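Student: Could you take me through the strand pairing here in one go, and then what sits around it? I'd like the cut-offs spelled out as you use them.

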Amino acid sequence: MTRNSELFDRACKTIPGGVNSPVRAFRSVGGTPRFIQRAQGAYVWDADGTRYIDYVGSWGPAILGHAHPEVVEAVQKAAVNGLSFGAPTEAEIEIAEAIAARLPSMEQVRLVSSGTESTMSAIRLARGYTGRSRIIKFEGCYHGHADSLLVKAGSGMLTFGNPTSSGVPAEFIQHTLVLDFNDLDAVAAAFAKYPDEIACIIVEPIAGNMNLVKPREGFLEGLRELCTKHGTVLIFDEVMTGFRAGPRGVQGLTGVQPDLTTLAKVIGGGMPVGAFGGRADIMAHIAPLGGVYQAGTLSGNPVAVAAGLTTLRLLDEPGFYDNLEARSAQLAKGLEQRARAAGIPFSADFVGGMFGLYFRDGIPTTLAEVSESDVEMFKRFFHGMLDQGVHFAPSAFEAGFVSGAHTEAIITETLDIAEKVFATLKTA
Ligand code: KE4
C-alpha cells in the first residue's frame, strides 16, 4: 500500500471520488491519483516522495513553473496585510489595467474567482445586453460547469463519456445550441434558423478540452463576421489560452477581436482569479452600472491578485514566449519522431505553452477525428510515463502544458523516457 493509495482511500471517505475536481481522479486512465506534497519549477513530488516532470501545470496556471520565488514572495507580502477586505484595492486596478493593456478588446474588466464564474457571467451579460436567450457553443468545448454550458461539453465530461450533465433541467439548456467546432456552415444555418434570437457564441478559440484542436483557416473570422452581422456577442473563452497560447492570447495570434473575453488560470498564477471583460458599451450593463447582476465575495482579493499581477509581469521577460513555444515544439516533434520510429500511430500539435498528443495518425481538426484516437494506447502511454516519473494529464481529451521552467534538458529527459515507453506499447 503506497502513501498515495492510503490517502486516496481516506479521501474517498469524505470527498466524492476522493477529489475536488473530477478529472483528477484518474477514472479514465485507471490507477491511483498522485497526491502532490510539493512542487517546484517543472517538478512535482507525490506523497511517496516520488518526483515527476509535470505537464499538467495545474491545468494551465503554472506557466512560470511551480512556486516561482517572486510569485510566492508577492503572495506572502500581500497576505501579511490581510487576506480579503470586501472593499476595492489599488491592486485590482493594476491587474485590470495589466489585462486591458495586453488584450485591447477588454476595455473593461470584472474579476471573479474561477473560469466557470467568468463564462457564466459573460453569458448572462450577453443575454442581458441583447435581450436574447439563445446561445451557441461547440461540442467538445468546455466552459466550466454553469448549467447552460454543461451540454456536450469537453474536459472531464468528455473524458467520462457523459457530455451532458445530470441535474440540469431541460429548461435550462433549451436555449443552448450545440454545433460542431470548425463547422462554419452549421453556424450560418443556425443564424438563418434563428435570426435575431442568438445572444452570443461562446468558443474556445483554440480548443483545449477535447484535447488540443485548432480553428481551421477562416473559422474564427467567420464567427466574427456572422456575429457582427446579426448583433450577436462573440465571446472568446480564453480561460485556458489567455496568455498561454501567446502573450496576447488567441485574439493576439489571429487578430480576430471578440466582443467579450473570459480569462482565468494564468491570470491567477495558481491562485483563484478569473475575469470577464470586453467592449465598454456591453460591460456598462453589468451591476452596479446596469441591470445584469454579478457579484463575488472574494473577487479581486489582494492575495490572489498579487499572484496574478506578478505572473503577468514575469511573462513580459524578453524571450519568454519564444522559449516557451520552442519547448512545446521540442516535446511535440520529439514525441512524434520517437512514436513513429516505434511504429505507433501518433501525432502531436502545439501552440505557445500548450500541446496535444493524439494516438492517431494526423493532427485532428474536429471532435470526431479526436475521438478516433486509440484511448487504450494512451492509457498505457500515460502509465508508462507516470511509472518513469513523467506526469501527463490523466485524460486523452485534455491539452498538456509546459512552463518557463521546462528546460531543453528536461524535455530531452522526457523524450528519452518516451522512447522506451513507446517501445513497450508496440509489443503489448
Ligand atoms: P474553472 O472553473 O475550472 O476555473 O474554469 C473552467 C474552464 C472554462 N473555460 C475553459 C476553456 C477551461 O479550460 C476551463 C477549465 N479547464 C479544465 C481543464 N481542462 C480545468 C480542470 C478541472 O476541471 O479540474
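Tutor: Let's start with the open sheet of 7 strands, ordered β4-β10-β9-β8-β7-β5-β6 with mixed pairing. Before going further: this is a predicted model, so local features need pLDDT of at least 70 and side-chain atom pairs count only at pLDDT 80 or more, while totals for chains, interfaces and linings use all residues. Residues are numbered from 1 along each chain as its sequence is written, and side-chain values use heavy atoms, with hydrogens and water left out.

Helices (H or I, at least four residues) and strands (E, at least two) are DSSP runs numbered from the N terminus, and two strands pair if DSSP finds at least two bridges between them. At the edges of the 7-strand sheet stand β4 (108-112) and β6 (176-179); each has a single partner strand, so one side of each is left without a neighbour in the sheet. From one strand to the next the twist averages 20 degrees (axes are lines fitted to C-alpha atoms, for helices over the stretch in contact, and angles run from 0 to 180 degrees between N-to-C directions). Inside that order, β9 (residues 260-263) and β10 (residues 274-278) run antiparallel and are joined by 4 bridges. If you want a register point, Leu263 has Ala275 of β10 as its bridge partner.

Now the other open sheet, which has 3 strands in the order β11-β12-β14 and antiparallel pairing. β11 (347-351) and β14 (400-401) are its edge strands, each pairing on one side only. Between β11 and β12 (residues 354-358) there are 5 bridges, in the antiparallel sense, with Ala348 opposite Leu357 of β12. Helix α12 (residues 320-341) packs on this sheet and touches β11 and β12, where contact means heavy atoms within 4.5 Å. The direction of α12 makes about 175 degrees with that of β11.

There's also some strand pairing to pick up around β3 (residues 51-54). It pairs with β2 (residues 43-46) in the antiparallel sense over 3 bridges, and Tyr43 has Ile53 of β3 as its bridge partner. The hairpin of β2 and β3 has 4 residues between the strands, and Gly49 takes a positive phi near 80 degrees there. β3 also pairs with β13 (residues 390-391), this time in the parallel sense over 2 bridges. Ile53 turns up again here, standing opposite Val390 of β13.

Next, the helix pair α7 (residues 184-193) and α8 (residues 219-230): their axes come within 10 Å and cross at roughly 10 degrees. α7 and α8 are therefore roughly parallel to each other (angles under 35 degrees count as roughly parallel, over 145 as roughly antiparallel, 65 to 115 as roughly perpendicular and the rest as oblique). On the α7 side the contact uses Leu184, Val187, Ala188 and Phe191; on the α8 side, Phe219, Gly222, Leu223, Leu226 and His230. By class that contact has 7 nonpolar, 2 polar and no charged residues, with Ala, Val, Leu, Ile, Met, Phe, Trp, Tyr, Cys and Pro counted as nonpolar, Asp, Glu, Lys and Arg as charged, and the others, Gly among them, as polar.

Two backbone oddities are worth a look. Most residues other than glycine have a negative phi, and most peptide bonds are trans. Asn211, in the loop between β7 (198-203) and α8, has a positive phi near 75 degrees. Pro288 lies in the loop between α10 (280-283) and α11 (302-315), and the peptide bond from Ala287 to Pro288 is cis, with omega near 5 degrees.

Asn211 also leads us to the voids. On a 1 Å grid over the protein atoms alone, a cavity is a set of points where a 1.4 Å probe fits but cannot get out, and lining residues have an atom within 4 Å of a point. The structure holds 3 cavities of 30 Å³ or more. In the largest cavity there is about 80 Å³ of space, a volume being the space filled by probe spheres set on the points, which are joined across faces, edges and corners. Its lining includes Asn211 and Leu357, and by class has 7 nonpolar, 3 polar and 1 charged residues. The second largest cavity holds about 40 Å³, and Asp54, Arg244 and Phe401 are among its lining residues.

How values were computed
1 Å grid on protein atoms, 1.4 Å probe; cavity = no way out; pocket = protein on both sides within 12 Å on 5 of 7 lines; lining within 4 Å.
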